[in-house]
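Here is a short tour of one protein chain. Look at the sequence and the fold first, then read on.

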Amino acid sequence: SNNLIIAIDGFSGVGKGTLAKALADKLSLPYLDTGLLYRAVGRKMLDAGLSVKSNEVVQIAEQLTQQDWNRNDLRTPEVDKVASQVAAQPKVRAALLDMQRHFATQQGVVMDGRDIGTVIFPNANVKLFVIASPRVRAERRWLQYTANPNDPVKEEQIKQIELELTQRDEADASRAVAPLRPAEDAHIIDTDYLSANEVLVRALEIIQR
Ligand code: C5P
């Protein structure tokens, strides 16, 4: 079909969500943050007191609705952790696969995650792989969440966020199923020294080529 599919992958905190939203806006495409799917499954798993490998968790993934991933309690450290645990379960990933592909069928999509260019849309029109150093990512997270520039424990907080980020990176990149890696035809964008707008401009250049 003629639907434009833009796949954006990268570790957490690299700025891919910001980029994906801006691109979707600019190109008038629907946007899906697939991290929210795994977060919603993790959240529901916690609420129901289930264990990660149970069949009930697979059922939760199969029955997931937009309402579940629009919840506003999905970005907590607790959910960060369980999301990456459920995301390592092959059956959970399989349960979410068609839903993600289906999302693009009407009007195309800008989709961000870990395996969009490698597994979900291997034939995406454009694949972007966004990177940033752990330190820069931790600083951005800190600004988003805690941000008091005079906080005496600022440095410790940033270090702690950086530690958690790199542990999650390690889990996402080393898991057996859909490990995070750039697709062979992905364009790498390093956001360390770029503003959000500069990242957008670069991505648009790549898309328009
Ligand atoms: O991107 P975000 O940090 O919200 O993703 C939460 C977790 O969901 C990640 O740590 C990762 O384990 C998982 N995830 C995934 N595949 C995706 C999107 C997210 O495995 N496409």
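Begin at the centre. The largest nonpolar core has 29 residues, and Ile6, Ala7, Ile8, Val110, Met111 and Leu128 touch the most other members. A nonpolar core here is a set of buried Ala, Val, Leu, Ile, Met, Phe, Trp, Tyr and Cys residues joined through C-beta atoms within 7 Å. A residue is buried if 20 or more other C-beta atoms lie within 10 Å of its own, exposed if 12 or fewer, and partly exposed in between, with C-beta atoms placed from the backbone. At least two residues of this core come from each of β1 (5-9), α1 (16-27), β3 (109-113), α7 (116-120), β4 (126-131) and α10 (196-208). Helices (H or I, at least four residues) and strands (E, at least two) are DSSP runs, numbered from the N terminus. Apart from this core lies another, of 20 residues, including Ile60, Ala61, Val86 and Ala95. In soluble globular proteins, nonpolar side chains tend to be buried together.

Two points on the source. This is a predicted model, in which local features need pLDDT of at least 70, side-chain atom pairs count only at pLDDT 80 or more, and totals for chains, interfaces and linings use all residues. Residues are numbered from 1 along each chain as its sequence is written.

**The whole chain**

The protein has ten helices and five strands. Its C-alpha trace spans about 55 × 45 × 30 Å along the principal axes. A compact globule of 209 residues would have a radius of gyration near 17 Å, and the protein agrees, with 17 Å. That radius is taken over C-alpha atoms, and the globule rule is 2.2 Å times the number of residues to the power 0.38. Of the 209 residues, 38% count as buried. Among contacts with a separation of 6 or more, 79% join residues 24 or more positions apart. Two residues are in contact if their C-beta atoms, placed from the backbone, lie within 7 Å.

UniProt, in an unreviewed entry, places the feature "domain: Cytidylate kinase" at residues 6-208. Over residues 6-208 the chain is 56% helix and 11% strand, and the end C-alpha atoms are 12 Å apart.

**The loop after β1**

The unreviewed UniProt entry also lists a "binding site", with Gly10, Phe11, Ser12, Gly13, Val14, Gly15, Lys16, Gly17 and Thr18. UniProt positions are given in the numbering used here, feature names are shortened, and annotations may be inferred rather than shown by experiment. Gly10 sits in the loop between β1 and α1. Gly13 lies in the loop between β1 and α1 too. What does each one touch, leaving aside neighbours within four places in sequence? Gly10 is in contact with Lys16, Phe129, Val130 and Ile131. Gly13 is in contact with Arg137, Arg140, Arg141 and Leu165.

**Two packed helices**

Helix α8 (residues 134-145) packs against helix α9 (residues 154-174) at an angle of about 120°, with axes 8 Å apart. Axes are lines fitted to C-alpha atoms, for helices over the stretch in contact, and angles run from 0 to 180 degrees between N-to-C directions. Residues making the contact include Arg135 and Ala138 of α8, and Ile161 and Glu162 of α9. Glu162 lies in helix α9. The C-alpha atoms of Glu162 and Glu139 are separated by 8.2 Å, though the two are 23 residues apart along the chain.

**Strand β5 and two loop residues**

Ile189 lies in strand β5. Ile189 and Phe129 are 60 residues apart in sequence, yet 6.1 Å apart in space, C-alpha to C-alpha.

Most residues other than glycine have a negative phi. Ser28 has a positive phi, near 50°. Ser28 is in the loop between α1 and β2 (31-33). Ala178 also has a positive phi, of about 45°. Ala178 is in the loop between α9 and β5 (187-190).

How buried or exposed are these residues? The table gives the counts.

| Residue | Other C-beta atoms within 10 Å | Class |
|---|---|---|
| Gly10 | 26 C-beta atoms | buried |
| Gly13 | 23 C-beta atoms | buried |
| Glu162 | 20 C-beta atoms | buried |
| Ile189 | 22 C-beta atoms | buried |
| Ala178 | 19 C-beta atoms | partly exposed |
| Ser28 | 9 C-beta atoms | exposed |
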